[in-house]
Amino acid sequence: MVDIVINDIVMINLKLHVYPEFFKEEIRANFTVSSKMKEIWAVELDLFAEFDRICKKYNIKYVASGGTMLGAVRHKGFIPWDDDMDLMMMRDDYEKFCKIAPKEFLHPYFFQTEETDSGFMRGFARLRNSETTGILKKEFPYRPTFNQGIFIDIFPLDNVPDSILRYKIQCLRYNLFHKLYTVSDSIERNAQYHEVSKTKLLARRFLHDVIGGACHYFRLSFRFFNKTQKICKQYNSYPTEKVSLLSFQMHNLHHALNRKDMDDITLLDFEFLKMPVPVNYDEHLSHKYGDYKHPKRISNWHGDVIFDVNRSYVDYYKDGK
């Protein structure tokens with residue numbers, strides 16, 4: 001690990017060698033990229049370099065997803081106003097990676113799934129730097145206990161049934177269990193993180209203390225979450241034409257790409273590293289974004305994030321922020 005010094009301030013240790021010039025403020029696509037944003041990018045590039053190293057070690061194929069693919073194609077790096085990295089791989093490779101990763105990533109790197117970090121419960125994985133802070137603002141009030149360092153996202157690709165009817169039925173089943181999951185998870189969160197004042201109504205106390213406690217004891221949200229993941233993988237044994245990020249956004253087929261595109265991959269510049277993307281990236285990006293060659297500022301799907309490259313999320317909470 002190497003200390004990076006910016007403006008006489010020692011930044012978090014990174015394995016990746018980052019030239020000091022990288023951190024200079026600059027204008028890209030008529031947008032000012034600050035030194036602070038560059039610091040966040042550096043942590044994410046370091047995470048990506050470690051992720052790529054493990055994938056190469058075990059011959060696991062992946063490509064950039066979403067804004068990361070768009071950034072590689074259009075900007076040869078990050079979209080200037082983007083603050084995250086998204087990667088995707090076929091479900092078989094994803095499950096292989098999930099088995100390998102916990103043993104391969106050592107502190108400060110942390111591979112996060114529900115299996116490695118109880119309460120995370122998402123249909124994808126994150127690789128985090130535990131010595132930094134990357135807290136989603138929408139989750140901040142709950143003070144969740146899982147790791148909240150700066151992260152990159154890793155998504156599994158599942159088969160999309162060729163039959164529209166089968167796909168709609170799959171969506172309906174997913175909707176049911178996802179709703180059950182979100183409701184039970186909300187009740188559990190309230191039961192775990194919020195004290196119930198004496199002035200609250202009896203019905204509210206009953207909901208929090210009794211129902212919430214029962215949901216937590218029987219891990220209902222986890223059970224419903226697992227059901228949604230099984231539904232996502234329902235057609236993975238079928239030779240379908242399309243694959244998509246079903247466990248991320250079941251209903252958004254703008255994420256879909258041709259299965260064969262995962263077999264024909266090229267490397268593009270991404271800042272000072274290389275990023276794999278499908279050779280047929282133009283068709284995919286056009287399907288997803290329309291006229292993607294002309295930059296338009298849009299917000300991230302995960303919302304605003306509280307970033308700190310010099311302080312762990314644990315210390316961030318301890319300091320009373």
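Two strands count as paired if DSSP finds at least two bridges between them. That rule matters below for strand S8 of this predicted model.

## Overall make-up

The chain has 8 helices and 15 strands. Of its 321 residues, 51% count as buried. Among contacts with a separation of 6 or more, 69% join residues 24 or more positions apart.

## Strand S8 and its partners

S8 covers residues 125–129. S7 and S8 run antiparallel and are joined by 4 bridges. One pairing links Tyr109 to its bridge partner in S8, Asn129. S8 and S10 also run antiparallel, with 5 bridges between them. Here Arg128 has Phe151 of S10 as its bridge partner.

In a regular strand, side chains alternate between the two faces of the sheet. In S8, Ala125, Leu127 and Asn129 point one way. Arg126 and Arg128 point the other way. All of these are buried. Because 5 of the 5 residues of S8 are buried, the strand is largely enclosed by the rest of the structure.

## Helix H3

H3 runs from residue 91 to residue 104 and has 14 residues. Its first and last C-alpha atoms are 19 Å apart, close to the 20 Å expected. The helix has a kink of about 30° at Cys98, shortly before the proline Pro102. Cys98 itself is partly exposed, because its relative accessibility of 21% is not under the 20% that buried requires.

The buried residues of H3 are Arg91, Asp93, Tyr94, Phe97, Ile100, Ala101 and Glu104. Their cover includes two helices, H1 (35–57) and H6 (220–232). It also includes strands S6 (86–90), S7 (109–112), S8 (125–129) and S10 (150–160).

## Nonpolar cores

The largest nonpolar core has 61 residues. Phe48, Phe51, Met89, Phe97, Leu127, Ile154 and Met275 touch the most other members. H1 supplies the largest share of this core, 11 residues. Phe97 ties H3 to several other parts of the chain. Leaving aside neighbours within four places in sequence, Phe97 is in contact with Phe51, Ile54, Cys55, Ile60, Met89, Phe105, Phe111 and Ile154.

A second, separate core has 9 residues. Tyr174, Phe177, Leu246 and Met250 are among them.

## Leu246

Leu246 sits in the loop between strand S11 (242–244) and strand S12 (257–258). Its relative accessible area is 0%, so Leu246 is buried. Not counting residues up to four places away in sequence, Leu246 touches Asp158, Asn159, Val160, Gln170, Tyr174 and Cys232. The C-alpha atoms of Leu246 and Gly123 are separated by 8.6 Å, although the two residues lie 123 positions apart along the chain.

## Helix H6 and the cysteines

H6 has 13 residues, which should span 18 Å at 1.5 Å a residue. Its end C-alpha atoms are 19 Å apart, in agreement with that value. Buried in H6 are Ser221, Phe222, Phe225, Thr228, Gln229, Ile231 and Cys232.

How many disulfides are there? The count is 0. Cys171 is in no disulfide, and its nearest cysteine sulfur, that of Cys232, is 9.4 Å away. A disulfide would need the two sulfur atoms within 2.5 Å. Cys171 counts as buried because its relative accessibility is 7%.

## Backbone details in loops

Three loop residues carry notable backbone angles. The table lists them.

| Residue | Loop between | Backbone feature |
|---|---|---|
| Asn30 | S3 (26–28) and S4 (31–33) | phi about 60° |
| Pro108 | H3 and S7 | cis bond from His107, omega near 10° |
| Met121 | S7 and S8 | phi near 35° |

Asn30 has its positive phi although it is not a glycine. Met121 is likewise a residue other than glycine with a positive value. Are these two residues buried or exposed? Asn30 counts as exposed, because its relative accessibility is 80%. Met121 counts as buried, because its relative accessibility is 8%.

Terms used. Residues are numbered from 1 along each chain as its sequence is written. This is a predicted model: local features need pLDDT of at least 70, side-chain atom pairs count only at pLDDT 80 or more; totals for chains, interfaces and linings use all residues. Side-chain values use heavy atoms; hydrogens and water are left out. Buried means under 20% relative accessible area, exposed over 50%, partly exposed in between (1.4 Å probe, protein chains only). The expected span of a helix is 1.5 Å times one less than its number of residues. The bend at a residue is the angle between axes fitted to the seven residues ending there and the seven starting there. Contact means heavy atoms within 4.5 Å. A nonpolar core is a set of buried Ala, Val, Leu, Ile, Met, Phe, Trp, Tyr and Cys residues joined through side-chain atoms within 4.5 Å.
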